Amino acid sequence: MESPTEHTVAAHAAPGADASATLDKAAHENFPVAPFFLPRAWRSDLMAVYGYARLVDDIGDGDLAPGGADARSLGVAPERADDRLALLDAFETDLHRAFDPAGDAPGHPLLRALVPTVRRCSLTPDPFLGLIEANRQDQRVRRYESYDDLAAYCELSANPVGRLVLQITGTATPDRIRRSDAVCTALQIVEHLQDVAEDLGRDRVYLPAEDMRRFHVTEADLAAPTGGASVRALIAFEAERARRLLDEGAPLVGSVHGRLRLLLAGFVAGGRAALAAIAAAGFDVLPGPPKASTAQLLRETAAVLRRARRER
């Protein structure tokens, strides 16, 4: 079976080792990025958007491939190759080239790969700029006081991806966008729950401070090898929030047809399977991210599809 990465590399004339390493991360996401059953054009476009989103996050997290190839592609001087804000600024400048048919081509291979998608799907810069701004915010804001503050961050860091999927597939409507936002915010919260320990190692906490106080959880508790009762209760509370958001967004699946329905079911099911894995771990996420099995993902996908058929 042809993998999403193999297809994208072929479609975009081998973007290079560093770009391929970024695209390979699609296999480790909680949800299917560009599964084999989609039309070839959709797969190419979705992987182009994924490559962009993954690279922005890697810049913001300091997870770029060693060697400085990304910085060179963006025209960033070697002495500033570790300056995340400088890289994000340069990436934004390069992004605008992807939307300017009369100007120079983007310097970064993943942005060059994005150009055909931008043209074919008449995409606008706003969702892409939101992802950059979310990663700028990550450099300035490392704690969130309230759930509303965290949701506003998710509006930048997660919701643009779902909106791009709807635009690529020509199915964007106000109601679908609203439900997509709920699913994407849920998926972002789930990822934060899985990565509590890793995020704390980066001096970031995505659990709202007001909730931590409510459950009497301190950052020292989050640094422990395993979660105590208070930490587990907090994680269970946040997991329930994510579950409710997935329920709110799930009717999106039944509002579309064919292979797109299966793709969106995979997004919702990916979140539900990850939540099931967190629950199966007793809501103790500190030893490492609880991960759902392929069998669990398939069961959740089937359940989402059955519900979508009943709700039609």
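In this predicted model, the side chains of Asp45 and Arg120 form a salt bridge, with an N to O distance of 2.4 Å. Asp45 belongs to helix α3 (residues 40-61) and Arg120 to helix α6 (residues 109-121), so their contact ties together parts that are 75 residues apart in sequence. The two partners differ in their surroundings: Asp45 has a relative accessible area of 2% and is buried, whereas Arg120, with a relative accessible area of 46%, is partly exposed. This pair belongs to a structure that holds 27 salt bridges.

Helix α3 also contains a salt bridge of its own. Asp58 and Arg54 both lie in this helix, four residues apart, which corresponds to about one turn. Their side chains meet at 3.3 Å, N to O, and both residues are buried.

A further salt bridge joins the side chains of Glu219 and Arg143, at 2.6 Å from N to O. Here the pair links distant parts of the chain, 76 residues apart: Glu219 is found in helix α13 (residues 219-222), while Arg143 sits in the loop between α7 (126-140) and α8 (147-157). Glu219 is partly exposed, its relative accessible area being 33%. Arg143 likewise counts as partly exposed, at 33% relative accessibility.

Beyond these individual pairs, salt bridges can also share partners. Asp89, Glu92, Glu133, Arg136 and Arg140 are joined in this manner into one network.

Technical notes: Residues are numbered from 1 along each chain as its sequence is written. This is a predicted model: local features need pLDDT of at least 70, side-chain atom pairs count only at pLDDT 80 or more; totals for chains, interfaces and linings use all residues. Side-chain values use heavy atoms; hydrogens and water are left out. A salt bridge is a side-chain nitrogen of Lys or Arg within 4 Å of a carboxyl oxygen of Asp or Glu. Helices (H or I, at least four residues) and strands (E, at least two) are DSSP runs, numbered from the N terminus. Buried means under 20% relative accessible area, exposed over 50%, partly exposed in between (1.4 Å probe, protein chains only).
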